[in-house]
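Notebook open, coffee ready. I want to walk through this chain and jot down what I look up.

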Amino acid sequence: MDKLKNHLLPEVATIKEIIKETPNIISLQLVLHDENSMRNFSFKPGQVGQISVFGFGESTFVINSSPSNKEYLQFSIMKAGFNTTAIHNLSEGEKVGLRAPLGNWFPYEDMQGKKIIFVGGGIGLAPLRPLILHALENKNKFKELTLLYAAKTPEDYCFKYDIAEWEKSRDIKLIQTIDNVCYGWDREVGLCADVLERMAPSPANTVAVVCGPPIMIKFTLQVLKKLNFTDDMIYTTLERRMKCGIGKCGRCNIGEKFVCVDGPVFTLKELNNLCENFI
Ligand SMILES: Cc1cc2nc3c(=O)[nH]c(=O)nc-3n(C[C@H](O)[C@H](O)[C@H](O)COP(=O)(O)OP(=O)(O)OC[C@H]3O[C@@H](n4cnc5c(N)ncnc54)[C@H](O)[C@@H]3O)c2cc1C
Ligand code: FES
């Protein structure tokens, strides 16, 4: 965290573009109003931002563009309640407040020279996206990249523009699944954890990064353990309601840690040491 910056003070950002990802998820491409701030903004894959809608409130979202992208910062927002509905009602050109980057990140440097298996469910692809984009941009530093992406239906697939590219790419192996059989779908069918078990990736020199709804994380972690992935080779992100985002208000604690500064990225080993039921 930049110690000289006031992390409680939102910067003004303009909505450059809105992408409709699914019936209830949009992506915002934000440009910081201050050109200098935009040019100098840097973040690491997994870090988050607090977006505020004037007159409504502030909520936490993962920065999901590539860390190398200096043109805009992308966030994807699923309509959940008060603030997220207010964000969905915004238009291109309107302004929001942004406090970012906050939190820790995936230790991508430690992952170099290793195979990575990404497992994402629904909007859980958002935290994985900046790490995947970074790994693809630096493919020579990583071994095999595999993404298992699961959603309820084809309509619920986020980032269809990435999926279309990754399907053609030789640099990442993509496995797509939906929960139930659906007309015209010719990929995998079945829950994420079941498909992962059938794939049975080897844990040798491999890290697993898992993001998605709590129930999907729970069953996916069980399968990874069955496949002999050790707890320090498995990374996930936690969602806890945040307020200050800088470790001052105590709103987001899990055990003795604060998700806003010690997380949102944790290894399974760290989580097991923190509390029994972290999901
Ligand atoms: C580290 C982190 C990263 C996140 N990244 C994303 C992201 O990239 N995209 C995205 O769409 N959402 C993300 N979220 C969740 C997002 O912050 C909440 O959905 C949002 O704050 C809900 O605000 P609201 O006012 O619309 O909901 P409210 O009206 O306050 O509540 C509506 C419903 O959402 C639940 N809810 C509210 N906040 C959270 C939360 N933090 N975690 C889980 N459930 C919550 C409430 O219990 C309630 O059931 C993230 C949360 C965290 C903590
Ligand atoms: S949100 Fe305030 S301590 Fe984490």
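A word I need before my entry on Pro264: helices and strands here are DSSP runs, numbered from the N terminus, with at least four residues (H or I) for a helix and at least two (E) for a strand. With that in hand, I place Pro264 in the loop between α7 (259-262) and β15. I also remind myself that this is a predicted model.

**Entry: cis peptide bonds**

I stayed at Pro264 and looked at the bond before it. The peptide bond from Gly263 to Pro264 is cis, and its omega is near 10°. I noted another cis bond between Ala100 and Pro101, where omega is about -5°. Pro101 sits in a strand, namely β6 (residues 95-102).

**Entry: a positive phi**

I looked up Asn205, which is in the loop between α5 and β11 (206-211). Its phi is near 50°, so I wrote down a positive value for a residue that isn't glycine. 

**Entry: the six-strand sheet**

Next I looked at how strands line up. In general, strands of a sheet pair through backbone hydrogen bonds, either parallel or antiparallel. I found an open sheet of six strands in the order β4-β3-β6-β1-β2-β5, and its pairing is antiparallel. Which strands are at its edges? They are β4 and β5 (73-78), and each pairs on one side only. Ignoring direction, I get an average turn of 40° between neighbouring strands of this sheet.

I then zoomed in on one edge. Strand β2 (residues 25-32) runs antiparallel to β5, and six bridges join them. One pair I traced by hand: Ser27 has Ser76 of β5 as its bridge partner.

**Entry: the seven-strand sheet**

There is also an open sheet of seven strands, with mixed pairing and the order β10-β9-β8-β7-β11-β12-β15. Why do β10 (188-189) and β15 (265-267) each have a side without a neighbour in the sheet? They stand at the edges and each has a single partner strand, so one side of each is left free of a neighbour.

For β10, I looked up how it is held to β9 (residues 172-178): the two run parallel, joined by two bridges. Ile178 has Val189 in β10 as its bridge partner. Helix α4 (residues 160-168) packs on this sheet and touches β8 (145-151) and β9, with its direction at about 125° to that of β9.

**Entry: two helices side by side**

Then I turned to α5 (residues 192-199) and α6 (residues 214-226), which pack at an angle of about 15° with their axes 8 Å apart. Angles under 35 degrees count as roughly parallel, so that is what α5 is to α6. I noted the crossing of α5 past α6 as right-handed.

Who makes the contact? From α5 come Cys192, Ala193, Leu196 and Glu197, and from α6 come Met216, Phe219, Thr220, Val223, Leu224 and Lys226. Sorted by class, the contact of α5 with α6 has seven nonpolar residues, one polar and two charged.

**Entry: aromatic rings**

Last, the rings. A pair of aromatic rings is described by the distance of the centres and the angle of the planes. With centres within 6.5 Å as the cut-off, I count five aromatic pairs. I picked Phe56 and Phe82, a tilted pair with 5.6 Å from centre to centre and 50° between the planes. These two link distant parts of the chain, 26 residues apart: Phe56 is in the loop between β3 (48-53) and β4 (57-62), while Phe82 is in helix α2 (residues 82-88).

Key
Residues numbered from 1 in each chain as written. Chains lettered and ligands numbered in written order. Predicted model: local features only at pLDDT ≥ 70, side-chain atom pairs only at ≥ 80, totals over all residues. Heavy atoms only, no water. Axes fitted to C-alpha atoms, helices over the stretch in contact; angles between N-to-C directions. Parallel < 35°, antiparallel > 145°, perpendicular 65-115°, else oblique. Left-handed = near helix turned anticlockwise from the far one by under 90°. Contact = heavy atoms within 4.5 Å. Nonpolar A, V, L, I, M, F, W, Y, C, P; charged D, E, K, R; others polar. Pairing = 2+ DSSP bridges. Phe/Tyr/Trp six-rings, centres within 6.5 Å; stacked < 30°, edge-to-face > 60°.
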